[in-house]
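I set out to record how the helices of this chain pack and where its pockets lie. The entries follow in the order in which I looked things up.

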Amino acid sequence: MNMSSLLMLIKSVDKAYKLMCEPLLQKFSISQTSFDIIMFLANNPELYTAKEISEKRNIKPNVVSLYIQKLAENGFIERHEVENDRRKIRLVCTQKSVPVIEKGREMQREFVRELMRNLTEEDLEIFKNCFRVMTDNAEKMCKEEKNMGGETDV
């Protein structure tokens, strides 16, 4: 697999996921970014700050802040101070977000089923191992880059 193929795969998976999200976005009258933030908070309860959403979902901090504000105004999330660290704000999904989360999780399970269709159990085990190793490698590369001073302008 060359770099171009890998990038095309990532783009195709992202496009297919967004297409599968579309009916839910219309049903709940929310944007893709709002949906992504709600689902991130629901699926990753240990990651609950705007900074974590920005870093893990690769959404610019100012965009995350804007959508958090909209979600809070529309009653989908609440902000709570973090005990012992008042600088941090815990973002919490509200009761209003429960139907979005339930339908979102159903859709995500269906998406994974469709993506993995026609793979054998052996293929899936190999894929899971490869995915874990590649994730670990990518995270190490990001840490190394961060430790070396970040990006360069070319």
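Before turning to the pockets, I fixed the term: a pocket is an open set of grid points with protein on both sides within 12 Å along at least five of seven lines, and lining residues have an atom within 4 Å of a point. I also note at the outset that this is a predicted model.

**Entry 1: the largest pocket**

I first asked which residues lie nearest the centre of the largest pocket. I found I10, K56, R57, F131 and T135 there, out of a lining of 43 residues. I read the volume of this pocket as about 2700 Å³.

I then looked up which helices contribute. At least two lining residues come from each of α1 (3–28), α2, α3 (50–57), α5 and α6 (121–147). The greatest contribution is that of α6, which supplies 15 residues. Sorted by class, the lining holds 25 nonpolar, 7 polar and 11 charged residues.

**Entry 2: the second largest pocket**

For the second largest pocket I noted a space of about 180 Å³. I listed its lining as T49, A50, K51, E52, S65, I68, Q69, R79, K88, I89 and L91. I traced at least two of these residues to each of α3, α4 (61–73) and β2 (85–93). By class, I recorded 4 nonpolar, 3 polar and 4 charged residues in this lining.

**Entry 3: the overall layout**

I next read off the secondary structure of the protein chain, which comes to 6 helices and 2 strands. Along the sequence, I wrote the pattern down as α-α-α-α-β-β-α-α. The C-alpha atoms fill a box of roughly 45 × 40 × 30 Å along the principal axes.

**Entry 4: α3 against α4**

I returned to α3 and α4, since both had appeared in the lining of the second largest pocket. Their axes come within 9 Å and cross at roughly 125°. I therefore entered α3 as oblique to α4. The crossing is right-handed. On the α3 side, the contact is made by A50, I53 and S54, and on the α4 side by P61, V64 and I68. I counted these contact residues by class as 5 nonpolar, 1 polar and no charged. I note that A50 and I68 are also listed in the lining of the second largest pocket.

**Entry 5: α1 against α2**

What angle do α1 and α2 make where they pack? I read about 95°, with the axes 10 Å apart. Angles of 65 to 115 degrees count as roughly perpendicular, and α1 is therefore entered as roughly perpendicular to α2. In this contact, Y17, K18, C21, L24 and L25 of α1 meet Q32, F35 and D36 of α2. The class count here is 5 nonpolar, 1 polar and 2 charged residues.

**Entry 6: α2 against α5**

Lastly, I looked up how α2 (residues 32–43) packs with α5 (residues 98–116), and I found an angle of about 85° and axes 10 Å apart. I therefore recorded α2 and α5 as roughly perpendicular to each other. From α2, the contact draws on F35, I38, M39, A42 and N43. From α5, it draws on V100, I101, G104, R105, M107 and Q108. By class, I entered 7 nonpolar, 3 polar and 1 charged residue for this contact. I add that F35 of α2 takes part here and also in the contact with α1.

Notes
Residues numbered from 1 in each chain as written. Predicted model: local features only at pLDDT ≥ 70, side-chain atom pairs only at ≥ 80, totals over all residues. Heavy atoms only, no water. Axes fitted to C-alpha atoms, helices over the stretch in contact; angles between N-to-C directions. Helix = DSSP H or I, 4+ residues; strand = E, 2+ residues; numbered from the N terminus. Parallel < 35°, antiparallel > 145°, perpendicular 65-115°, else oblique. Contact = heavy atoms within 4.5 Å. Nonpolar A, V, L, I, M, F, W, Y, C, P; charged D, E, K, R; others polar. 1 Å grid on protein atoms, 1.4 Å probe; cavity = no way out; pocket = protein on both sides within 12 Å on 5 of 7 lines; lining within 4 Å. Points joined across faces, edges and corners; volume = space filled by probe spheres on them. Left-handed = near helix turned anticlockwise from the far one by under 90°.
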